[in-house]
Amino acid sequence: MSFTCEGIILTVRDSGETEQRVTLLTKTYGRITAMSRGAKHIKAKLTPQLQPGNIGFFQCIRRKRADEPLIVGADITRRGSYVARVPEKALCLLNVLQLANDFTIDRVPDDTIYMYTERIITTLARQPAVQIDALIRAYQRELLEQHGFGVSLYRCGQCGRMNKDAGIVAIAIASGIGLCGDCARQHPEPRTLRHVSKHSIDDIVRELLAYHFDIPITTFQFAGLPEFAST
Ligand SMILES: [Zn+2]
């Protein structure tokens with residue numbers, strides 16, 4: 001039994017001597033794992049195409065004795081391979097793919113993540129490297145917003161007063177709300193980012209990502225972003 005799906009390669013890892021385990025973010029089935037024949041396999045022919053960040057159509061067959069389908073054909077662009085050749089961009093690509101992986105659940109389709117991930121990989125391939133950091137941050141913010149982890153700084157999440165009246169001074173990271181001075185003093189949550197005005201949106205995004213998605217701080221350094229600063 002065979003099927004074809006459209007997807008983005010998130011990771012490729014060796015599995016045993018001759019096979020590779022490929023994680024795909026697919027449009028229809030969400031995140032899935034498929035196997036492919038590795039470079040050492042006698043029938044290997046897809047290895048050069050199966051690189052992280054490559055996007056396209058994958059032809060798979062289901063095997064009797066294995067849970068994961070086997071990739072037997074691919075019709076894909078090599079945007080990921082292309083981006084990976086530029087050192088500054090390669091790290092950003094890893095960051096994007098890891099975020100896409102962390103934000104998705106196996107076999108749950110997510111149109112938004114798919115669309116943004118595809119779009120940012122395409123943009124990474126086109127834009128000069130100097131604009132990439134801003135792009136990555138916009139992508140991170142967008143993912144947080146889309147998944148309900150955005151923080152409104154317009155009003156206090158506790159008492160409801162507007163920022164212009166009460167002044168938002170802190171963010172409760174776990175509950176994802178901005179807090180006015182009065183509420184910040186009484187708020188029980190230990191993980192609170194204080195002195196909001198001294199932090200950039202990027203600091204806030206990093207705090208939220210680290211808390212909600214347990215994304216190791218090294219990822220951000222890896223992607224060439226400034227070192228994580230906590231209060
Ligand atoms: Zn308040």
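Start by colouring the two assigned domains in this predicted model: select 2-80 for domain 1 and 82-148 for domain 2. Their C-alpha centres sit 20 Å apart. Where they meet, 18 residues of domain 1 are in contact with 20 residues of domain 2. To see the domain 1 side of that meeting place, pick β1, β2, β3 (30-37) and α1, each of which supplies at least two of its residues. Colour that side by residue type and you'll get seven nonpolar, seven polar and four charged.

Now zoom out for a moment. The whole protein has eight helices and eight strands, and its C-alpha trace spans about 70 × 40 × 25 Å along the principal axes. Of its 231 residues, 33% are buried. Among contacts with a separation of 6 or more, 54% link residues 24 or more positions apart.

Next stop: the largest nonpolar core, which has 52 residues. Select Leu24, Val96, Ala100, Ile171 and Leu179, the members that touch the most others. Both domain 1 (2-80) and domain 2 (82-148) give residues to this core, so it lies between them.

Stay with Ala100 and show what surrounds it. Skipping neighbours within four places in sequence, Ala100 is in contact with Leu10, Leu25, Ile113 and Thr117.

Two of those names lead us to the next helix. Select 111-126, which is α3: 16 residues, reaching 23 Å from first C-alpha to last, close to the 22 Å expected at 1.5 Å a residue. Which residues of α3 are buried? Show Ile113, Tyr114, Tyr116, Thr117, Ile120, Ile121 and Leu124. As you look along them, remember that an α-helix has 3.6 residues a turn, so residues three or four places apart point the same way.

What do the buried residues of α3 pack against? Turn on the strands β1 (2-15), β2 (19-26) and β4 (55-61), then the helices α1 (79-84), α2 (87-102) and α4 (132-146), and you have the set.

For the last stop, move along the chain to an open sheet of three strands, ordered β7-β6-β8 with antiparallel pairing. Its edges are β7 (177-180) and β8 (192-193), each pairing on one side only. Select β6 (168-172) as well: two bridges join β6 to β8. Finish on Ile171, whose bridge partner in β8 is Leu193. You've met Ile171 already, as one of the core residues that touch the most other members.

How values were computed: Residues are numbered from 1 along each chain as its sequence is written. This is a predicted model: local features need pLDDT of at least 70, side-chain atom pairs count only at pLDDT 80 or more; totals for chains, interfaces and linings use all residues. A nonpolar core is a set of buried Ala, Val, Leu, Ile, Met, Phe, Trp, Tyr and Cys residues joined through C-beta atoms within 7 Å. A residue is buried if 20 or more other C-beta atoms lie within 10 Å of its own, exposed if 12 or fewer, and partly exposed in between; C-beta atoms are placed from the backbone. Domain bounds come from an automatic or database domain assignment. Two residues are in contact if their C-beta atoms, placed from the backbone, lie within 7 Å. Helices (H or I, at least four residues) and strands (E, at least two) are DSSP runs, numbered from the N terminus. The expected span of a helix is 1.5 Å times one less than its number of residues. Ala, Val, Leu, Ile, Met, Phe, Trp, Tyr, Cys and Pro count as nonpolar, Asp, Glu, Lys and Arg as charged, and the others, Gly among them, as polar. Two strands pair if DSSP finds at least two bridges between them.
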